[in-house]
Amino acid sequence: MDAIDQQLIDELKDLVGTILAKSIVTLGVARSRVDPQQPRPGDQDRLAAELKKGLRLFVKEPDRRELCLQRVESTLSAIEPAAPATGTIQIDLLSESDVVKARGAGRDLCRDMGFTGAIQIKVATAISELARNVIQYAGTGRVDINSISGQRSGIEVVVRDEGPGITQIDEIMRGEFSSKSGMGIGIVGTRNLMDDFDIETGPGEGTVITIRKFLR
Amino acid sequence: MSEISRIPIIKLYENLIVSIQVALSDRLVLQIKDDITAEIESTGARGLIIDVSGIDVMDSYISRAIRDIGLMARLMGVRTVICGMDPMIAMTLVEMGLDLTGAQSALNLESAIELLGGNGKLDTRKKRGK
């Protein structure tokens with residue numbers, strides 16, 4: 001069986017022409033961040049939404065657009081998504097480009113696990129925040145991203161470094177600094193984005209932060 | 001992912017348009033700050049539009065940088081409009097308690113241009129002196 005993008009192009013090409021079908025589908029796949037070879041649960045809805053946008057932009061006749069939408073829907077509903085992914089990712093934080101790499105990897109794993117788009121972004125933002133702190137204050141460190149299963153399934157991210165540690169962590173977590181100096185906005189914000197947030201730190205002891213987000 | 005080293009700044013009549021369509025590294029953020037201020041000075045632009053529709057995440061560092069750009073532009077007499085904010089990123093920003101004061105926002109590029117140009121009619125006659 002063909003990959004989803006090819007199936008969609010085949011369905012649409014006699015209605016809108018091959019070139020337009022290809023652009024709409026390729027853009028939709030890219031924007032919804034779906035892997036056409038291996039669709040995961042939740043992918044169909046995101047892809048359908050993006051394809052709808054593309055069709056609205058490029059197909060002006062309402063009747064023809066309606067027909068396109070019907071075909072998109074029937075093609076997508078016939079797809080059996082693969083089981084939610086599990087995964088273990090380890091990224092060494094050595095320079096600031098690793099921050100971008102870490103948040104991208106976290107977002108991709110979230111997507112493959114079936115998290116909604118909003119949560120993918122929250123997890124990626126949290127990883128970005130914590131990984132940047134490592135580069136900025138400790139120099140180097142490591143991020144481990146794991147899917148967790150059992151009682152509650154979800155994603156767990158552990159960010160660790162052997163830097164100077166954070167002093168006055170209790171005050172920071174209570175938000176006493178953030179309004180004035182901006183210090184701690186990132187870390188307090190990260191806690192607000194996550195379901196679980198644990199931090200172990202102290203002067204000279206390095207820092208280990210563990211965050212979790214659960215699938216509903 | 002190949003690293004991009006610069007974000008283009010486009011001059012459209014009296015406005016500058018910066019469209020961010022890549023994952024922003026911290027280095028790139030600094031580069032944008034430098035480039036925008038230099039470009040404002042050399043072009044004498046009156047408005048600045050930052051299109052964030054392609055940004056992957058907006059964490060505290062990136063949002064602060066964008067806010068700073070808005071403030072710097074204002075000091076140089078330039079109005080800043082941020083447009084194309086992804087709804088999921090907006091939600092994340094609010095939950096984190098971050099905001100982008102210093103710049104106005106618009107839903108998309110068209111409304112950003114309207115906001116700056118006044119009903120979309122761009123007045124190209126009065127050029128600001130350099």
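Me: What makes a residue of chain B count as buried, and what percentage of the 130 residues do so?

Reply: A residue is buried if 20 or more other C-beta atoms, placed from the backbone, lie within 10 Å of its own (exposed at 12 or fewer, partly exposed in between). By this criterion 37% of the 130 residues of chain B count as buried. The model is predicted, and local features need pLDDT of at least 70, side-chain atom pairs pLDDT 80 or more, whereas totals for chains, interfaces and linings use all residues. Residues are numbered from 1 along each chain as its sequence is written, and chains are lettered from A and ligands numbered from 1 in the order in which they are written.

Me: How do you know which helices and strands chain B has, and in what pattern do they follow one another?

Reply: They are DSSP runs, numbered from the N terminus (helices: H or I, at least four residues; strands: E, at least two). Chain B thus has 4 helices and 5 strands, and along the sequence they give β-β-α-β-α-β-α-β-α. Of the chain B contacts (C-beta atoms, placed from the backbone, within 7 Å) between residues at least 6 apart in sequence, 75% join residues at least 24 apart.

Me: Why are α6(A) and α9(A) called roughly antiparallel?

Reply: The axes of α6 (residues 117–138) and α9 (residues 185–193) of chain A cross at roughly 150° and come within 9 Å. Angles over 145 degrees count as roughly antiparallel, so α6(A) is roughly antiparallel to α9(A). The crossing in which α6(A) passes α9(A) is left-handed.

Me: Which residues make this helix contact, and how do they divide by class?

Reply: K122(A), T125(A), A126(A), E129(A), L130(A) and N133(A) in α6(A) meet G186(A), G189(A), T190(A) and L193(A) in α9(A). They divide into 3 nonpolar, 5 polar and 2 charged; Gly counts as polar.

Me: What makes up the side of chain A that touches chain B?

Reply: On chain A, 19 residues are in contact with 18 residues of chain B. The elements giving two or more residues to the chain A side are α5 (97–113), α6 and α9, and α6(A) provides the largest share, 9 residues. By class this side has 6 nonpolar, 8 polar and 5 charged residues.

Me: How do you know where the domains of chain A lie, and how many residues join them in contact?

Reply: The bounds come from an automatic or database domain assignment, which divides chain A into domain 1 (4–77) and domain 2 (88–214). Their centres, taken over C-alpha atoms, are separated by 35 Å. In chain A, 5 residues of domain 1 are in contact with 5 residues of domain 2, and those on the domain 1 side divide into 1 nonpolar, 1 polar and 3 charged.

Key. Axes fitted to C-alpha atoms, helices over the stretch in contact; angles between N-to-C directions. Parallel < 35°, antiparallel > 145°, perpendicular 65-115°, else oblique. Left-handed = near helix turned anticlockwise from the far one by under 90°. Contact = placed C-beta atoms within 7 Å.
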